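Let's take a walk through this model together, beginning at one residue and moving on to the interior and the surface. Have the sequence and the 3D view at hand.

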Amino acid sequence: METFSEWMTACEVQQRFMQHSGPTIDTLSYSARCRQVGELGGDCYDFVPLPHNRLALAVGDASGKGLAAALMISNVQSSLRTAASFTESDGAAVLGAVNRQVYASSLADRYATLFYGVFDGATRTLRYVNAGHNPPMLIRRDRSIIWFETGGAPVGMFPDWTYEESAVQLNPGDLVLAYTDGVVEAVNPADEEWGVEGLRRAAAESDEQCADDMVHAIFASMDEFSRGRQTDDATVMVLRVH
């Protein structure tokens, strides 16, 4: 049985994975927040600086809850950081390597959805792979929306999977929102879901704010809708293109 100190150590390790005092990129501001239901959870986000003015970013959600989900998502994060350091320019290869590692070291019914992207600060290009995750949305300045769907199956679900990568050209003023299902599946007392429309509306209402403040505003709007009731881990990532 885990002692309290062991449990707190596990919590600290998980939180350390999600600290992002990363380098500045002239053409991008970014922020994220993960708020878990318990001390440990199955959501994660990550920002990893890469050479040549590039930034790797990820949002993930492990199946299950509590300690088992936390162990799973920590495995995903450590595998992702290792794979990104070796095959940084090929998102499909990164996700393939993560999938093989996670599948080999996880129980049969465990998997994680994962969105992985690499932003190039010089060209404002985002290359991405979506492994079964809620599709992030790109909101253009004209309010049109593009969904980031290309990819494949969740990591850890199949022993071998060939992932697809897509690239999208971002423009100054564009906004990218990545999130986990705990955000869009938040419900109010009438059992209505906040949904992607609630998330989009909250982002529009805080459009003049910096990335950090927008993340906090989105959580505040979600809490207002749900009356502060949270039943699943919730993660939001914001990318603002300059």
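Our starting point is Asp120, which touches Asn53, Arg54 and Thr125 once residues up to four places away in sequence are set aside. Please keep in mind that this is a predicted model. Asp120 lies in strand 4, which covers residues 112-120. With a relative accessibility of 22%, Asp120 counts as partly exposed, because buried would require a value under 20%. If you look from Asp120 towards Ser74, 46 residues away along the chain, you will find their C-alpha atoms separated by 26 Å.

Strand 4 also leads us inside. It is one of the elements giving two or more residues to the largest nonpolar core, together with strand 2 (43-50), strand 3 (54-62), helix 2 (66-86), helix 3 (91-105) and strand 5 (125-131). Helix 2 supplies the largest share, seven residues. This core has 25 residues, and those touching the most other members are Val76, Leu95, Val98, Leu114, Tyr116 and Val155. Val98 is a good one to click on: beyond its neighbours within four places in sequence, it is in contact with Val76, Ser79, Leu80, Ala83, Leu114 and Val155. A second core, separate from this one, has 23 residues, including Ile25, Leu28, Phe47 and Val176.

Now let's come back out to the surface. Here Tyr111, Met157, Phe158 and Trp161 form a nonpolar patch, together offering about 330 Å² of accessible area. Trp161 sits in the loop between strand 8 (151-152) and strand 9 (166-169), and its 34% relative accessibility makes it partly exposed.

Key. Residues numbered from 1 in each chain as written. Predicted model: local features only at pLDDT ≥ 70, side-chain atom pairs only at ≥ 80, totals over all residues. Heavy atoms only, no water. Patch = residues over 30% accessible without salt bridge, like charges linked within 9 Å, V, L, I, M, F, W, Y side chains within 5 Å. Areas by Shrake-Rupley, 256 points an atom, 1.4 Å probe, with all protein chains shown as cover. Salt bridge = Lys/Arg side-chain N within 4 Å of Asp/Glu carboxyl O. Helix = DSSP H or I, 4+ residues; strand = E, 2+ residues; numbered from the N terminus. Buried < 20%, exposed > 50% of the residue type's maximum accessible area, 1.4 Å probe, protein only. Contact = heavy atoms within 4.5 Å. Core = buried A, V, L, I, M, F, W, Y, C linked by side-chain atoms within 4.5 Å.
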